[in-house]
Amino acid sequence: MRYNAASGPGKEIALRQMETQPFERPLRDSLPTASLTTLRLRAGLRAALRRFFERHGYLEVETPILSHDVVVDAHLEPFVTRWDAAGGGLAAAGAVAGGRELFLQTSPEFGMKRLLAAGATAIYQVTRGFRNGERGRLHNPEFTLIEWYRTGDTHHDQMDFAEELVASFFAEAERLTAYEHQPEAPTRDVDSLARPFSRITYDDAFAQFAGSRVLDPCASDLAALAARHGIAAPPGLAPDDRDGWLNLLLAELVEPRLGVERPTFLYDYPASQGALARLRPDDPRVAERFELYIQGVEICNGYHELLDADELRRRMGEQAELRRREGRRALPMENRLLEAMESGLPACSGVALGFDRLLMAAVGAGSLDEVTAFPIDRA
């Protein structure tokens with residue numbers, strides 16, 4: 001399961017358009033973009049999350065950030081380096097003859113699932129994720145990720161758990177700001193976190209906010225739906241790219257209206273956007289996947305995890321072909337996760353949550369820069 005895995009040409013273009021609004025930054029590049037008050041709150045909330053997982057029986061684990069394996073995704077670009085095995089150091093890609101490429105992980109998914117295959121039952125990780133080419137109000141190429149898995153859970157079980165976690169996080173943010181008399185207390189509407197959180201299927205959300213169901217229509221039908229709403233095709237979106245049109249319509253018509261009155265789970269995504277989620281047994285058009293939105297912003301992404309190694313190979317092949325068509329570099333198709341799945345990955349569900357975005361929501365910040373010490377511009 002990968003945080004913000006529902007990316008694609010349409011969605012990414014729309015996101016970049018929405019992230020062009022200027023935001024305040026300190027004048028000197030040596031200074032952090034977040035205040036020390038916010039950074040103290042950040043540290044307190046990170047510690048509170050660890051206590052939350054421990055109370056619920058999760059084991060904290062660490063998996064490699066630098067790895068031989070990498071997620072094959074048409075729209076996620078990893079950072080690549082090269083291991084100089086003889087010299088024992090790292091060098092820029094291409095600089096060392098005979099060296100082997102390594103990847104900074106876009107998510108700890110592969111390593112954590114290998115631990116599940118080895119017998120782990122409930123694990124979590126607080127780590128850094130890396131996505132090349134992503135920068136904006138809601139994006140930084142390096143970010144903090146909370147990822148967790150539990151065997152035996154469905155994606156509905158994990159929606160329940162994620163709701164409890166987020167509600168606990170917001171309550172702790174209120175407590176810490178009140179206790180420390182912080183001047184930068186949350187500015188959000190407390191009622192916006194009312195429980196229970198809303199839940200709506202992907203198809204129902206399109207019916208409600210776009211006026212049409214979308215599980216069955218073809219790309220040309222989706223293009224016509226966009227035209228009816230006055231949404232022009234951005235450069236690079238092919239007429240036959242069905243998922244691209246879905247992502248564009250999602251970003252323009254649906255996402256901005258999710259999680260406004262209360263946090264909202266969007267679930268049961270189209271099978272073509274299943275990534276590493278299994279398909280629903282009674283409806284193969286649907287993947288058992290969800291995302292949580294607060295004030296129109298995606299906070300986390302969860303799957304009832306795919307267990308079939310052959311199906312994962314097939315999906316990776318589709319993503320590799322999309323990368324080839326778009327002129328992106330080839331990524332290795334074989335990995336240790338496939339080997340672990342062949343040996344037996346237990347039934348499980350997992351979630352990846354963007355810590356920086358959740359903190360933004362908790363304090364009412366307008367950008368990641370306001371809750372991060374040194375974003376890429378100042379790294």
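These notebook entries record what I looked up in a predicted model, going from the whole protein to one group of helices and then to two single residues.

**Entry 1: the whole protein**

I began with the overall counts, and I found ten helices and 13 strands in the protein. I then looked up burial, and noted that 54% of the 379 residues are buried. For the contacts with a sequence separation of 6 or more, I wrote down that 75% come from residues 24 or more positions apart.

**Entry 2: H6 against H7**

I turned next to helix H6, residues 219–228, and helix H7, residues 242–254, whose axes come within 9 Å of one another and cross at roughly 25°. Because an angle under 35 degrees counts as roughly parallel, I entered H6 as roughly parallel to H7. The crossing in which H6 passes H7 is left-handed.

I listed the residues that make this contact: on H6 they are Ala219, Leu222, Ala223, Leu225 and Ala226, and on H7 they are Arg242, Trp245, Leu246 and Leu249. Sorted by class, the contact of H6 with H7 holds eight nonpolar residues, no polar ones and one charged residue.

**Entry 3: the two sides of H6**

Staying with H6, I asked which of its residues are buried. They are Ala219, Leu222, Leu225 and Ala226, and since they cover an arc of only 115° around the axis, they lie on the same side of H6. I checked what covers these buried residues, and H7 is included in that cover. On the face turned away from the buried side of H6, I found the exposed residues Ala227 and Arg228. I also noted that H6 is followed by Gly230, which has a positive phi, near 75°.

**Entry 4: H5 against H7**

I then looked up how helix H5, residues 202–209, packs with H7, and recorded an angle of about 55° with the axes 11 Å apart. That angle makes H5 oblique to H7, and H5 passes H7 in a left-handed crossing. From H5, the residues Tyr202, Ala205, Phe206 and Phe209 meet Leu246, Leu249, Leu250, Leu253 and Val254 of H7. By class, I noted nine nonpolar residues in the contact of H5 with H7, with no polar and no charged ones.

Reading back over both entries, I saw that Leu246 and Leu249 of H7 appear in the contact with H6 and also in the contact with H5.

**Entry 5: Gly129**

I moved to a residue in a strand, Gly129, which is found in strand S6, residues 122–130. Is Gly129 buried or exposed? Its relative accessibility is 0%, so Gly129 counts as buried. Leaving out residues up to four places away in sequence, I found that Gly129 touches Gln105, Thr106, Pro141, Glu142 and Phe143. I also looked up its separation from Thr144, which is 15 residues in sequence and 6.2 Å in space, C-alpha to C-alpha.

**Entry 6: Ala74**

My last lookup was Ala74, placed in the loop between strand S2 (66–67) and strand S3 (79–84). With a relative accessible area of 0%, Ala74 is buried. Which residues is Ala74 in contact with, leaving aside its neighbours within four places in sequence? I listed Gln319, Leu322, Arg323, Glu326 and Arg328. Finally, I noted that Ala74 and Arg324 stand 250 residues apart in sequence, while their C-alpha atoms are 8.7 Å apart in space.

Key:
Residues numbered from 1 in each chain as written. Predicted model: local features only at pLDDT ≥ 70, side-chain atom pairs only at ≥ 80, totals over all residues. Heavy atoms only, no water. Axes fitted to C-alpha atoms, helices over the stretch in contact; angles between N-to-C directions. Helix = DSSP H or I, 4+ residues; strand = E, 2+ residues; numbered from the N terminus. Parallel < 35°, antiparallel > 145°, perpendicular 65-115°, else oblique. Left-handed = near helix turned anticlockwise from the far one by under 90°. Contact = heavy atoms within 4.5 Å. Nonpolar A, V, L, I, M, F, W, Y, C, P; charged D, E, K, R; others polar. Buried < 20%, exposed > 50% of the residue type's maximum accessible area, 1.4 Å probe, protein only. Arc of directions from axis to C-beta.
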